[in-house]
Amino acid sequence: MGAPLNPYLSDRRLLVEPSILSADFTRLGEECRAAMAAGGDALHVDVMDGHFVPNISLGPVICEAAHRAAPDAFLDVHLMCTDPGRWVDPYADAGAGHIQFHVEVMPRPAALVERIRARGMTAGIVLNPDTSASVCADAIPLVDTVMLMSVHPGKSGQQFIASVLSKAPELLSMMRPGQRLMIDGGVSPATAPACREAGISVLIAASAIYGTRDYAAAITAIRG
Ligand code: DX5
Ligand code: ZN
């Protein structure tokens, strides 16, 4: 069996990505498979280094376990890390298909993106809620995706910061067709419509999916 298809490149639909941060880690394999069977288009893997954000979440060993449990799932690794370059090879080895890093630590990421692509992965930049769109001008031409954080990163279950959507028009004006604008944090059936209207085509959600009993209903409602 080959690697999972990259949905950012192969699928023009709106994508919904369950974030395993809110999964039951005592049953991680089952939780990965359940979110994909419920209609998830990829799995979002939130990596926190205890430095870029105060919290520590999971490392390559857990990512690799998710990959083994759900080998058909495309893994989108969100590095909330001060030194993303250090983690390219470990997550490539752990089955990642896409690596996202924060523009706040890497405003001119040409060399990093080249290393990510050399491992057969696509690359994306992420902006924190207080980071302006203009900071991304040098990085956008280099990457496949741009992601708005709609919470301050560090934990799931926080309230959606709607004002970040005002950055979408400026970001989209710098992006070429085929590049994806994503959003992460506080995405739910209630907040997803405004995201879709703003031109976002990949919606990440942790608690709004894993915090419910019916993952398929939550994913369908977020997709709209
Ligand atoms: C935030 C993470 C998010 C988080 C989202 O630090 O990057 O991916 O898991 O959680 P919810 O969807 O519950 O806001
Ligand atoms: Zn994330």
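Q: What makes the pair formed by glycine 157 and ligand 1 a polar contact?
A: A polar contact is a pair of N or O atoms within 3.5 Å; within protein, one must be able to donate a hydrogen and the other to accept it, and residues adjacent in sequence count only if both atoms are side-chain atoms. In this predicted model, a backbone N or O atom of glycine 157 is 2.8 Å from an oxygen atom of ligand 1, so the pair meets the 3.5 Å limit. For the side chain of histidine 78 the distance to an oxygen atom of ligand 1 is 3.2 Å.

Q: Why is the site of the zinc ion (ligand 2) called octahedral?
A: Six donors count as octahedral if opposite donors are over 155 degrees apart and all others between 65 and 115. The six donor atoms here make angles of 69 to 167°, and the site is octahedral.

Q: Which residues coordinate the zinc ion (ligand 2)?
A: They are His44 (NE2), Asp46 (OD), His78 (ND1) and Asp184 (OD), at 2.0 to 2.2 Å. Donors are N, O and S atoms within 2.8 Å of the metal (3.2 Å for Na, K and Ca), with water not among the atoms, so sites may look incomplete.

Q: Why is strand β2 called largely enclosed?
A: Six of the six residues of β2 (residues 43–48) are buried, that is, under 20% relative accessible area (1.4 Å probe, protein chains only). Strands here are DSSP runs (E, at least two residues), numbered from the N terminus.

Local features need pLDDT of at least 70, and side-chain atom pairs count only at pLDDT 80 or more. Residues are numbered from 1 along each chain, and ligands from 1 in the order in which they are written.

How values were computed: Side-chain values use heavy atoms; hydrogens and water are left out. Buried means under 20% relative accessible area, exposed over 50%, partly exposed in between (1.4 Å probe, protein chains only). Helices (H or I, at least four residues) and strands (E, at least two) are DSSP runs, numbered from the N terminus. Four donors count as tetrahedral if all angles lie between 85 and 135 degrees; four count as square planar and six as octahedral if opposite donors are over 155 degrees apart and all others between 65 and 115; anything else is irregular.
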